[in-house]
Amino acid sequence: LAMYINRPAECARSFVLAAPSDELAAALGAVRDFTQFYQCQCGYRYAVGNCGQLNGTGTCLSCGRPIGAGSQSQALGRSVQPNEVPGFLRDGEEVGCNHLHTVRGLTPLAFRTIHLLVYLSLFTGPLLGRDGLHGVLPDGIEDGVTFCWEVVQADLRMLSQLLTGCTAEHICAWLHSVIEKLWAEQHQSLTTAADRQRWEQNFAMVHTAAANADVARAEAVKR
């Protein structure tokens, strides 16, 4: 997380925490009803919603061949192996559309917490005089600081749905505790997809387990 604060430009070469695995995963972050993946002859993958059958036709965005009904597209099933890529990929969750959204098998609580911490770190950097945020975020975002803060606020709303029974003050206090613990840990570079997944899974086991315990204690105090 220190990298996102002090050297955000390095996100282009790093596997960003809580980010989609690849462009396909990023696009599907905003799609809720796809049921079947297909692959064009050139290798380009696409998804079909509703019943999942190829009832219509289209043109491959990669090679221009016909895809859909009557084409040579290959059915891949409901899931495909992502082509893990480094860099900052938007996932459609910046506005907090779905509190159960996740990536790479994380629990929704672990995903949402990491997602918030990444954007909070990116938000903090410019306030401390660090440069590079504008070059990290996708085109079309004119005010990166405001954008990141809006994402943090959306993530807080999603956390309040996941941590039922907790007040906003309690959630913020828990996040502060998580940040303190993370800061004390040895920093590691996330130069491979495996590095990222190990970091995320470790976070899920250590820190969100503590969150669940905190929630249980809060509920006991209220009773």
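In which helix is T113 found? In this predicted model, T113 lies in helix 3, the segment that spans residues 108–127. The description below begins with the overall organisation of the chain and then returns to this residue and its surroundings.

The secondary structure of the chain consists of seven helices and five strands. Their order along the sequence is α-α-β-β-β-β-β-α-α-α-α-α. Of the 223 residues, 41% count as buried. The accessible surface of the chain amounts to about 11800 Å², and carbon and sulfur atoms contribute 53% of this area. Among contacts with a sequence separation of 6 or more, 65% join residues that are 24 or more positions apart.

Nonpolar side chains in soluble globular proteins tend to be buried together. In the present model, the largest nonpolar core comprises 40 residues, and Y4, I114 and C148 have the most contacts inside it. Two or more residues of this core come from each of helix 1 (2–6), helix 3, helix 4 (133–136), helix 5 (144–162), helix 6 (168–184) and helix 7 (193–222). The greatest contribution is that of helix 3, with 10 residues. Beyond its neighbours up to four places away in sequence, I114 touches L17, A18, L106, W199, E200 and F203. A second core, separate from the largest, has six residues, including Y38, V48, C60 and I67.

Helix 3 also packs against helix 6, with an angle of about 75° and a distance of 12 Å between the axes. Because angles from 65 to 115 degrees count as roughly perpendicular, helix 3 is described as roughly perpendicular to helix 6. On the side of helix 3, the residues that meet helix 6 are T113, L116, L117 and L120; their counterparts in helix 6 are W174, L175, V178, I179 and L182. T113 itself has a relative accessible area of 0% and is therefore buried, the limit being under 20%. The side chain of T113 reaches the backbone oxygen of L109 at 2.7 Å. When residues up to four places away in sequence are set aside, T113 touches L159, W174, L175 and F203.

Helix 1 is represented by I5, which is buried with a relative accessible area of 10%. The C-alpha atoms of I5 and L127 are separated by 9.4 Å, although the two residues are 122 positions apart along the chain. Outside the range of four places in sequence, I5 touches S121, G125, L128, R130 and W183.

Two residues of the loops have positive phi values without being glycine. The phi of A18 is near 65°, and this residue is placed in the loop between helix 1 and helix 2 (23–28). A18 is buried, with a relative accessible area of 1%, and it is one of the residues touched by I114. R104, with a phi of about 50°, is placed in the loop between strand 5 (74–77) and helix 3. The relative accessible area of R104 is 16%, so that this residue also counts as buried under the 20% limit.

The strand region may be considered through two further loop residues. C60, a member of the second core, is located in the loop between strand 3 and strand 4 (66–68). C60 is buried, with a relative accessible area of 4%. Its contacts, apart from neighbours within four places in sequence, are with C40, C42, Y44, R65 and I67; of these, I67 is likewise included in the second core. Between C60 and Q41, which are 19 residues apart in sequence, the C-alpha to C-alpha distance is 9.4 Å.

L54 is found in the loop between strand 2 (45–49) and strand 3 (57–59). With a relative accessible area of 22%, L54 is partly exposed, because the buried class is restricted to values under 20%. L54 and A69 are 15 residues apart in sequence, and their C-alpha atoms are 4.7 Å apart in space. Leaving aside neighbours within four places in sequence, L54 is in contact with Y38, Y46, V48, G68, A69 and S73. Two of these partners, Y38 and V48, are included in the second core.

Note on methods
Residues are numbered from 1 along each chain as its sequence is written. This is a predicted model: local features need pLDDT of at least 70, side-chain atom pairs count only at pLDDT 80 or more; totals for chains, interfaces and linings use all residues. Side-chain values use heavy atoms; hydrogens and water are left out. Helices (H or I, at least four residues) and strands (E, at least two) are DSSP runs, numbered from the N terminus. Buried means under 20% relative accessible area, exposed over 50%, partly exposed in between (1.4 Å probe, protein chains only). A polar contact is a pair of N or O atoms within 3.5 Å; within protein, one must be able to donate a hydrogen and the other to accept it, and residues adjacent in sequence count only if both atoms are side-chain atoms. Contact means heavy atoms within 4.5 Å. Accessible areas come from the Shrake-Rupley method with a 1.4 Å probe; for residues, only the protein chains shown count as cover. A nonpolar core is a set of buried Ala, Val, Leu, Ile, Met, Phe, Trp, Tyr and Cys residues joined through side-chain atoms within 4.5 Å. Axes are lines fitted to C-alpha atoms, for helices over the stretch in contact, and angles run from 0 to 180 degrees between N-to-C directions. Angles under 35 degrees count as roughly parallel, over 145 as roughly antiparallel, 65 to 115 as roughly perpendicular and the rest as oblique.
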